[in-house]
Amino acid sequence: MDSVGDTLQRLRETFSAGRTRPAEFRVTQLEGLGRFLRDNQQLLQEALARDLRKMEVTLALKNLHTWMKDEPATKNLLMQLSSTFIRKEPFGLVLIIAPWNYPLNLSLVPLVGALAAGNCVVLKPSEISTSTEKVLTEVLPQYLDQSCFAVMLGGPEETGQLLEHKFDYIFFTGSPRVGRIVMTAAAKHLTPVTLELGGKNPCYVDDNCDPETVANRVAFFRYFNTGQTCVAPDYVLCSPEMQERLLPALQSTIARFFGEDPRSSPNLGRIINDKHFQRLQGLLGCGRVAIGGQSDQRDRYIAPTVLVDVQETEPVMQEEIFGPILPIVNVRSLDEAIDFINRREKPLALYAFSKSNKVVNKMLDRTSSGTFGGNDGFTYLTLPSLPLGGVGNSGMGRYHGKFSFNTFSHHRACLLSPPGLEKLNDIRYPPYPDWKQRLVRWSLGPQSCTLL
Ligand code: NAD
């Protein structure tokens, strides 16, 4: 057997032996993950490590016993002496595949859920974010039980080979293109998947808005992490009149956030690699540059940019931008904006800005997306009480907080009946005279399925 096969075999044996199931074992793993973040703050981004520990590991440790409890299910008259409940059991061997843009967060937050749910885990970080990949490979395993956890490295080819093996659950974060590859590979083994994908997130700006406020909020969320965020507003939809008011506001917001020379700002990062830089530089040629537009290949710098006069057919409106470029597309009304959005794939995130609740609610009611922000950006990500997940082309499944635990748990329907008292079961069995049928229907209650 190859070394990947050996590792998977080892993890499977651990799972089959039931090691990962007791709450105490899960607590030890989660505490190990917490210690990893605490001990390695120098290595990891400090703020990120602090947030993660607070938001996800602590939450899981605090709630683990409650989350693990069997959930009672309602019964009908026939089952009064039985117990009915939902058992959350681990799937078994889970594969987590992460992207590069938040390489730590998008590896560890799913990992918290997978470990809390009692699974064995193979983590495949992105080969592009090499520094994080190194820490996750060299340091993280020291904090976890290596009989139930392994990190595997590689790019498309190695991940393709890994996907040939059977897993009991695959949690993938990345592009819709690779999402299809992962789902196709999973289908061979009928392995369930969560796909956390990307796409183009619309941002509607109503005429009834304060342009300065909108400019602050849109610019903050668009240029955060240099635009390399899956839930960032990808393009603005607004009237030509609103565009005229928004442009000067965006100009002054960008200058305030990043200074007159954004290149020297400590608050603006760089594009991850040359390939993405060249792709983004190509997009700068779409429409007309209204703000920014400067770039420098030597340090993969692209200025915070706003494009106007953009056509729907241009590349910048065809692909996820994933960089500090914000196109504005003109629409004449809210209805036209809704039609524009609904003609496209369902996005991961959708944003609507208006002083009118009616406008925001109409956008919410008439569209579909993984997440929705009214007069705000992706602040909802900071709340573990809200799930993160796409719909349609932006993915399937959800996680964060308790949603992660549920994602990585199989919900097993259980009914335990007393072994005796067989007389009571008589009404189930044939023959079925009328009085028996009536009695069964009555005892099952109006909401029951009458298969029996
Ligand atoms: P990607 O799809 O290129 O890569 C993601 C992972 O898949 C990496 O680990 C990579 O090694 C692996 N991979 C790449 N090609 C593969 C192949 N042919 N076969 C098997 N595995 C392969 O994505 P990326 O460039 O790392 O990340 C950017 C994308 O991720 C964007 O589309 C973004 O919107 C999305 N994203 C989504 C979320 C979310 O929560 N929904 C979060 C972050 C990023």
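In the predicted model, the largest cavity is lined by Gly199, Asn201, Arg222, Thr229, Cys230, Ala232, Asp234, Glu320 and Phe322. By class, this lining is divided into three nonpolar, three polar and three charged residues. The space within the largest cavity amounts to about 30 Å³, and the structure holds one cavity of 30 Å³ or more. Glu320, which belongs to the cavity lining, is also listed among the closest residues to the ligand.

The ligand is surrounded by 27 residues. The closest of these are Ala98, Glu127, Ser175, Leu197 and Glu320. In terms of residue class, the shell comprises 15 nonpolar, eight polar and four charged residues. Several secondary-structure elements contribute to this shell: helix H6 (156–162), strand S6 (169–173) and helix H7 (176–188) each provide at least two of its residues. With respect to domain organisation, the ligand lies between domain 1 (4–197 + 399–410) and domain 2 (202–389), because both domains give residues to the shell around it.

Individual polar contacts to the ligand involve both side-chain and backbone atoms of the protein. An N or O atom in the side chain of lysine 124 is positioned 2.8 Å from an oxygen atom of the ligand. A ligand oxygen atom is likewise found 3.3 Å from a backbone N or O atom of glycine 174. For leucine 197, a polar backbone atom is placed 2.7 Å from a nitrogen atom of the ligand. On its own, the ligand has 840 Å² of accessible area, of which 92% is covered by the protein. Leucine 197 thus combines a backbone contact to a ligand nitrogen atom with a place among the closest residues of the shell.

Two local features of the backbone were identified in loops. Threonine 226 adopts a positive phi of about 55° although this residue is not a glycine. The loop that contains threonine 226 runs between helix H8 (211–223) and strand S9 (235–238). The second feature concerns the peptide bond from proline 430 to proline 431, which is cis, with omega near 0°. Proline 431 is located in the loop between strand S18 (409–416) and helix H14 (434–444).

Technical notes. Residues numbered from 1 in each chain as written. Predicted model: local features only at pLDDT ≥ 70, side-chain atom pairs only at ≥ 80, totals over all residues. Heavy atoms only, no water. Near = heavy atom within 4 Å. Polar contact = N/O pair within 3.5 Å; in protein donor to acceptor, adjacent residues only side chain to side chain. Areas by Shrake-Rupley, 256 points an atom, 1.4 Å probe, with all protein chains shown as cover. Helix = DSSP H or I, 4+ residues; strand = E, 2+ residues; numbered from the N terminus. Nonpolar A, V, L, I, M, F, W, Y, C, P; charged D, E, K, R; others polar. Domains from an automatic or database assignment. 1 Å grid on protein atoms, 1.4 Å probe; cavity = no way out; pocket = protein on both sides within 12 Å on 5 of 7 lines; lining within 4 Å. Points joined across faces, edges and corners; volume = space filled by probe spheres on them.
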